[in-house]
Amino acid sequence: MTERVPVLSAHDLRVSFPARHGHGVAHAVDRVNLDVYPGEIVALVGESGCGKTTLARTLLGLEKPGGGQVLHHGQPVRYTSRGLKAYRRDVQLVLQDPSGSLNPRHTVYEAVAEGLRIHGHTALGDFPDEQAKVADALARAGLRPAERFFLRYPHELSGGQRQRVVIAGALVLDPAILVADEPVASLDASVRGEILKLLLGLRDERGLSALVVTHDLGLAWNIADRVAVMYLGRIVETGPVEKILTAPEHPYTRALLSVLPESGLSEAGGAGPTILTGEAPDPTRIPTGCRFHPRCPVVASGRAAALDIEAACRGRDLPVLDGGGEAQVACHAVGSDAGAPDLRTTPTPRPGAGAAPRRRRR
Amino acid sequence: MTQPGRAPEARPDKAPTAQLLDIRNLTVTYRTGGGPLPAVRGVDLSLAAGQKLGLAGESGCGKSTLAASVLRLLPPGTTTTGEILLGGEDVLTMGWSRLRAVRWAGASIVFQGAMHSLNPVRRIAHQIAEPILLHDKVSETLAHERVAVLLEQVGLAAARASAYPHELSGGQRQRVMIAMALACSPNLIVADEPTTALDVMVQAQILRLIGDLVAAQGISLLMISHDLAVLAQTCDRLAVMYAGRIVEDGPAHQVFTDGRHPYTRALAAAFPRIGDPSSRRAPHGLPGDPPDPTALPTGCAFRPRCPLAIETCAHVDPALSVAGPGRAAACVHVTSVPTGGER
């Protein structure tokens, strides 16, 4: 752990857009640190509008950060066309809807070989190994025998098979990491497990890293090693999946888990689901203090006042969590609450986990 | 529940039904360019007044076709046989004027994807008022008073009445759909994937809203989803559909936690329970793809994907048979699977 360099990291990343109708600025990503290490699957979870897709797009080089850096193997990404091309070869994207991301008039072979051609690996099939590479990628994505799929069109495939073609297209360039935005959200329940098994298998057999963007906490439980919970542009809780999903500390994470049908948390706690009112808030008007306080059950129930932290919740911003592996939470109540004394919010750099100094050294 | 085993032979002979909705031997066949497509292949299903029934299955299994057939909303050219008794009247044979009266006032439907079901150029108050004006023939003032009450019931501020659909979030639009469904005080609400496109938190809000409103007003609910966990949480009873047939039916919690049919168990395992060590780093899926309705395998339609398939399955297409008190399943193993199942 100490010597590992993340494949991909966000370092104090900020992305903002002009808001609709030209009023103000939407801070979609507002200071995020996140590391993905080799052979690691990280799940980035949050409600729609929390900025998770913007973060993923920025990590792919599709948006330019307004502040902070994207680091690839410890090196800042260069936003020149040559720099981006090399970068995108190593960091591949898998989108949610395979029907929308495949060209209906391209065969499976063309869809998978396109990446090779763009990256100058082969010039329009001149090189004899193009076919071998395409076949290998399809086989790795679970489409066997691969040759049988070469000349099929997307409409001849099932949803699960289409998603496998999309994944094969990402694998053909031998990337170090996949960034998958809701990879199973549009698939049938029984097919979903098979695609997740595939991602897990690629990690186990080939050491492929993945950043999986999802609103589905069950997916994180199924395949991820670490999870980062995002709320209104900022990561509010992060750590190993076992810790964060079974003993969450941030009231937002707790609420997200408590509303899952048949969730263990609501039964064990006996408290029933904590259904937050309202929907994902407006990134053009981020509340002062803790950004979650207007919806926070700890503030609403008066527990924050009892703990004498309500003024802090409403007025004092929280430190930004670092991107490393240990469990961290950004909440004024954690630490002042008798229930959770051992996990502090302060992201003090620890040996091996303090990401920033190590990055500069490389 | 009032449901005995659902084997056809176990059905009392044409007894006057106490069920609000009674679907008998329904088949629906679409006409397509590639020949007839059997979407529903002989379904018996009933729903008592005030009961909440969940219908689970994957895309293409016929669950949405079944929902649409309850209000006869199928495209022209579709062949439907069997009976759909809604309050004792057969929806499939009733005249147009009666059908128009039954839609909205007898039974209403909440579709998935509220964006496509609302008219983008009309304010939501007008859209909710429309069925009230048509069915109850009240004055416009009175209708808009009802709209205000309905909006409050579904948790939308009265000020939102003059909003257009695009000004609302996905969850708010789904609330508008629910308000419309409630507008004419129906006896039955059919909700087809009402929360599919929504976030977990908004999904929880909408499910609670539907559950509370249905319970408070004694409305029956037929809710359709691919997510067994969502249905088990909201409904009393659960029916699981595969390739146009009901393959399992029983009390919701039992079907979810202890399915008798291997497909039910696979569907339940697809969405893991967080904290359950058996699903950690071990996603459960089913090999293969949902079947093509025009080319079903011989014998049991689930056979090619079934982990428990035996030789018999290739030539026996099992009917629903009793699988415990109030439970039924269509699997050759049902008699041999001991209580407790596999999970």
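The exchange below goes through a predicted model of two chains, A and B.

Residues are numbered from 1 along each chain as its sequence is written, while chains are lettered from A and ligands numbered from 1 in the order in which they are written. Because the model is predicted, local features need pLDDT of at least 70 and side-chain atom pairs count only at pLDDT 80 or more, whereas totals for chains, interfaces and linings use all residues.

Trainee: What ipTM does the predictor give the complex, and over which residues of chain B does pLDDT stay under 50?
Mentor: The predictor gives the complex a pTM of 0.84 and an ipTM of 0.81. In chain B the average pLDDT (the predictor's confidence in each residue, from 0 to 100) is 87, and 92% of the residues score at least 70. Contacts (C-beta atoms, placed from the backbone, within 7 Å of each other) beyond four places in sequence number 26 for one low-scoring stretch and 10 for another. The stretches of chain B where pLDDT stays under 50 are residues 1-17 and residues 337-343.

Trainee: How many of the residues in chain A are buried, as a percentage?
Mentor: The secondary structure of chain A comes to 15 helices and 11 strands (DSSP runs numbered from the N terminus, helices being H or I of at least four residues and strands E of at least two). Of the contacts in chain A with a separation of 6 or more, 68% are between residues 24 or more positions apart. A residue counts as buried if 20 or more other C-beta atoms lie within 10 Å of its own, as exposed if 12 or fewer do, and as partly exposed in between, with C-beta atoms placed from the backbone. Among the 362 residues in chain A, the buried share is 52%.

Trainee: Which helix gives the most to the side of chain A that touches chain B?
Mentor: The contact takes 34 residues from chain A and 34 residues from chain B. On the side of chain A that touches chain B, α7 (189-206), α8 (217-223), α9 (241-246) and α10 (251-258) of chain A each supply at least two residues. The residues of that side divide into 16 nonpolar (Ala, Val, Leu, Ile, Met, Phe, Trp, Tyr, Cys and Pro), 7 charged (Asp, Glu, Lys and Arg) and 11 polar (the others, Gly among them). With 9 residues, the helix that gives the most is α7(A).

Trainee: What span should α7(A) have, and what covers its buried residues?
Mentor: The expected span is 1.5 Å times one less than the number of residues, so the 18 residues of α7(A) should span 26 Å, which agrees with end C-alpha atoms 26 Å apart. Its buried residues include Val191(A), Ile195(A), Leu198(A) and Leu202(A), and just after the helix Gly207(A) takes a positive phi of about 70°. What covers the buried residues of α7(A) includes β3 (41-45), α6 (159-171), β8 (209-214) and α8 of chain A, together with α10 (262-270) of chain B.

Trainee: Which strands are the edge strands of the open sheet in chain A?
Mentor: This sheet of 7 strands has the order β6-β7-β8-β3-β9-β10-β11 with mixed pairing, where two strands pair if DSSP finds at least two bridges between them. β6(A) and β7(A) pair in the parallel sense over 4 bridges, with Ile177(A) as the bridge partner of Val91(A) and Val179(A) opposite Leu93(A). Val91(A) and Leu93(A) point one way from β6(A) and Gln92(A) and Val94(A) the other way, and all are buried. Pairing on one side only, the edge strands are β6 and β11 (328-329) of chain A.

Trainee: Which strands stand at the edges of the open sheet in chain B, and why is one side of each left without a neighbour?
Mentor: The sheet of 8 strands in chain B has the order β6-β7-β8-β3-β9-β10-β12-β11, with mixed pairing. Each edge strand has a single partner strand, so one side is left without a neighbour in the sheet, and these strands are β6 (107-110) and β11 (321-322) of chain B.

Trainee: Is His253(B) buried or partly exposed?
Mentor: His253(B) has its place in helix α9 (residues 252-257) of chain B. Because 15 other C-beta atoms lie within 10 Å, His253(B) is partly exposed.

Definitions and conventions:
Contact = placed C-beta atoms within 7 Å.
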